[in-house]
Amino acid sequence: MTAPDFASQLRAASLRVTRPRLAVLSAVHEHPHLDTDAVIGHVRTDLGAVSHQAVYDVLRALTDAGLVRRIQPAGATARYESRVGDNHHHVVCRSCGAIADVDCAVGHTPCLTASDDHGFVVDEAEVVYWGTCPECAAARTPQ
Ligand SMILES: [Zn+2]
Ligand SMILES: [Zn+2]
């Protein structure tokens, strides 16, 4: 798998190419569903000292530009991922907070077709499946 050209993505979104922006894009690409603290950790590993505020600002700019998707399951901290534009869903472990991607159940974004849209123009459906991840399920099974 070749790494995406993050600099071109930034330019296409009319964002200046900066090292913190490149580092954040690469972190969320390599580690989907990172929370902010984990993003900061990866960026600091790459670049050395970077302030929390700088990373928050980068995440906001990238999210606003649509290069990064922000997801926030109820009761959880916000997570970020670079898989954008396909309206995929997530499965979340109630126990440890692990998150995995889930494609739409059938075909292309069928969840956007609400059974009754009440006259709204719907452009997004957010589905979160909650459950127990394999590791937590295994840990709970009595030996
Ligand atoms: Zn778990
Ligand atoms: Zn995802």
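Beyond its neighbours within four places in sequence, C93 is in contact with A98, G131, T132, C133 and C136 in this predicted model. The residue itself belongs to strand β4, which covers residues 89-93. With 17 other C-beta atoms within 10 Å, C93 is partly exposed, because a residue needs 20 or more such neighbours to be buried.

Two of the contacts of C93, those with C133 and C136, lead to a helpful entry in the record. An unreviewed UniProt entry lists C93, C96, C133 and C136 under "binding site". These four cysteines span 44 residues in sequence, but no two of their C-alpha atoms are more than 8.1 Å apart, so they gather at one spot.

C133 offers a second view of this spot. It sits in the loop between β6 (128-131) and α5 (134-140). When neighbours within four places in sequence are set aside, C133 is in contact with C93, C96 and A98. A98 thus appears among the contacts of C93 and also among those of C133. Like C93, C133 is partly exposed, with 18 C-beta neighbours inside 10 Å.

Stepping back to the whole protein chain, its secondary structure comes to 5 helices and 6 strands. Starting at the N terminus, the elements follow the order α-α-β-α-α-β-β-β-β-β-α. The C-alpha trace spans about 50 × 45 × 30 Å along its principal axes. Of the 143 residues in the chain, 17% count as buried. Among contacts between residues at least 6 apart in sequence, 46% join residues at least 24 apart.

Note on methods. Residues numbered from 1 in each chain as written. Chains lettered and ligands numbered in written order. Predicted model: local features only at pLDDT ≥ 70, side-chain atom pairs only at ≥ 80, totals over all residues. UniProt positions renumbered as here; feature names shortened; annotations may be inferred. Helix = DSSP H or I, 4+ residues; strand = E, 2+ residues; numbered from the N terminus. Buried ≥ 20, exposed ≤ 12 C-beta atoms within 10 Å, placed from the backbone. Contact = placed C-beta atoms within 7 Å.
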